[in-house]
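Here is a set of short exercises for you to try with the sequence and the model side by side. Work through each task on your own before you read its solution.

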Amino acid sequence: MTVDTPELAPLTPGARRVLDAASVLFYENGIHAVGVDTIAEAAGVTKKTLYDRFGSKEALVLSYLQHRDARWRVWVDEFLARHPEPGIDRILAIFDAAIGWSDDNSPKGCSAVNARAEIPDHATSGLVLPEVTRQKQWLLERFAELITEADLSDPGARARELMLLYEGAIVTVGMRTFREPFETARAIAGRLLAA
C-alpha cells in the first residue's frame, strides 16, 4: 500500500495568517486548549474569516497537520539528496533530518503524536485520526523503500524496527527524558542495519 500525499490548496493571505497563528497555538498549547476566538485574534481576522477559509476548527487542525508534514517531507528530501546512493547512510539520513529538525521545529515532540493524544480512543470519525495515521504510515513506508533500495533483507521487519526507534526518539524529545535521543536512535539503527 502506498500512502498518498494530499495536495495542499493555495492559501489566501487571510487563510495563511489563520494557519500560521493556529499552528503556533496548537503546537504550544494543544488543540483542545485553543479556541477559534483565540486563533482569530492572534491572526488579526474575524471568526467569520476563519470559518470562511477553513469551514471548521477540525479542518483547520487538519490543515495545520498537513502543512507541517509537508515541510517535514521537504526537509527529509533535502537530507536524502545528500546521500543519493542506496545504502545504510541514506537510510540513516532520516535520523539525521530528525536531529536537525527537532530542536527548532519539535521541542515538544511530534505534532501528529500530540494530536493523536488528544483524540478519544472511541473516536472513529473525523479528519484528524486518519491524517495522523497517514503521516506515520508514510514514514514506515519510506523506511521500507530505503531499505529495499539498499538491498537489505526483510525490509518490512527492519522498517518496523527503525520506526519504533524513530517514534521512541520523538516522544523522548517531547518528554525530555534524556538529551539527544535521535542521536541514540541513529546509533542503534546503524547497528541494526549493519547486522
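**Exercise 1. Place Glu 180 in the chain, then describe its backbone and its exposure.**

Step 1. Look between H8 and H9: Glu 180 sits in the loop that joins them. Keep in mind that this is a predicted model.

Step 2. Check the backbone. Glu 180 is not a glycine, yet its phi is positive, at about 55°.

Step 3. Turn to exposure. The relative accessible area of Glu 180 is 46%, so this residue is partly exposed.

**Exercise 2. Find out where Asp 154 lies, and decide whether it is buried or exposed.**

Step 1. Asp 154 belongs to the loop between H7 and H8.

Step 2. Its phi is positive, about 50°, although Asp 154 is not a glycine.

Step 3. Exposed means over 50% relative accessible area. Asp 154 has 51% relative accessibility, so it counts as exposed.

Step 4. Now look just past the ends of two helices. Asp 151, just after H7, has a positive phi of about 60°. Arg 176, just after H8, has a positive phi of about 55°.

**Exercise 3. Compare the expected span of H7 and of H8 with the distance between the end C-alpha atoms.**

Step 1. Take H7, with its 22 residues. At 1.5 Å a residue it should span 32 Å, and its end C-alpha atoms are 32 Å apart, so the two values agree.

Step 2. Do likewise for H8, residues 155-175. Its 21 residues should span 30 Å at 1.5 Å a residue, and the end C-alpha atoms are 30 Å apart, which agrees.

Step 3. Remember how the expected value is worked out: 1.5 Å is multiplied by one less than the number of residues.

**Exercise 4. List buried residues of H8 and name the helices they pack against.**

Step 1. The buried residues of H8 include Arg 158, Leu 162, Tyr 166, Ala 169 and Val 173. Glu 167 and Thr 172 are also among them.

Step 2. Recall the helix geometry: an α-helix has 3.6 residues a turn, so residues three or four places apart point the same way.

Step 3. Follow the buried residues of H8 to their partners, which are H4 (57-81), H5, H6 (111-117), H7 (128-149) and H9.

**Exercise 5. Describe how H5 and H9 are arranged, and what kinds of residue make their contact.**

Step 1. Begin with the quantities you need: two packed helices are described by the angle between their axes and the distance between the axes.

Step 2. The axes of H5 (residues 88-105) and H9 (residues 181-194) come within 9 Å and cross at roughly 175°.

Step 3. Angles over 145 degrees count as roughly antiparallel. H5 and H9 are therefore roughly antiparallel to each other.

Step 4. Find the residues in contact. H5 contributes residues including Ile 88, Leu 92, Phe 95 and Ile 99, while those from H9 include Phe 182, Ala 185, Ala 189 and Leu 193.

Step 5. Sort the contact by class: it has 11 nonpolar, 2 polar and 3 charged residues.

**Exercise 6. Explore the largest nonpolar core through Phe 26 and Ala 22.**

Step 1. This core has 57 residues, and those touching the most other members are Phe 26, Ile 39, Leu 60, Phe 95, Phe 143, Leu 162 and Tyr 166.

Step 2. Leave out residues up to four places away in sequence. Phe 26 then touches Ile 31, Val 34, Ile 39, Lys 57, Leu 60, Val 61 and Tyr 64.

Step 3. Move to Ala 22, which is in helix H1. Its relative accessible area is 0%, so Ala 22 is buried.

Step 4. With residues up to four places away again left out, Ala 22 touches Ile 39 and Leu 60. Ala 22 and Leu 60 are 38 residues apart in sequence, but their C-alpha atoms are 7.8 Å apart in space.

**Exercise 7. Decide whether Gln 66 is buried or exposed, and find its contacts.**

Step 1. Gln 66 is located in helix H4.

Step 2. Buried means under 20% relative accessible area. Gln 66 has 16%, so it is buried.

Step 3. Not counting residues up to four places away in sequence, Gln 66 touches Pro 6, Leu 8, Glu 131, Arg 134 and Gln 135.

Note on methods
Residues are numbered from 1 along each chain as its sequence is written. This is a predicted model: local features need pLDDT of at least 70, side-chain atom pairs count only at pLDDT 80 or more; totals for chains, interfaces and linings use all residues. Side-chain values use heavy atoms; hydrogens and water are left out. A nonpolar core is a set of buried Ala, Val, Leu, Ile, Met, Phe, Trp, Tyr and Cys residues joined through side-chain atoms within 4.5 Å. Buried means under 20% relative accessible area, exposed over 50%, partly exposed in between (1.4 Å probe, protein chains only). Contact means heavy atoms within 4.5 Å. Axes are lines fitted to C-alpha atoms, for helices over the stretch in contact, and angles run from 0 to 180 degrees between N-to-C directions. Helices (H or I, at least four residues) and strands (E, at least two) are DSSP runs, numbered from the N terminus. Angles under 35 degrees count as roughly parallel, over 145 as roughly antiparallel, 65 to 115 as roughly perpendicular and the rest as oblique. Ala, Val, Leu, Ile, Met, Phe, Trp, Tyr, Cys and Pro count as nonpolar, Asp, Glu, Lys and Arg as charged, and the others, Gly among them, as polar.
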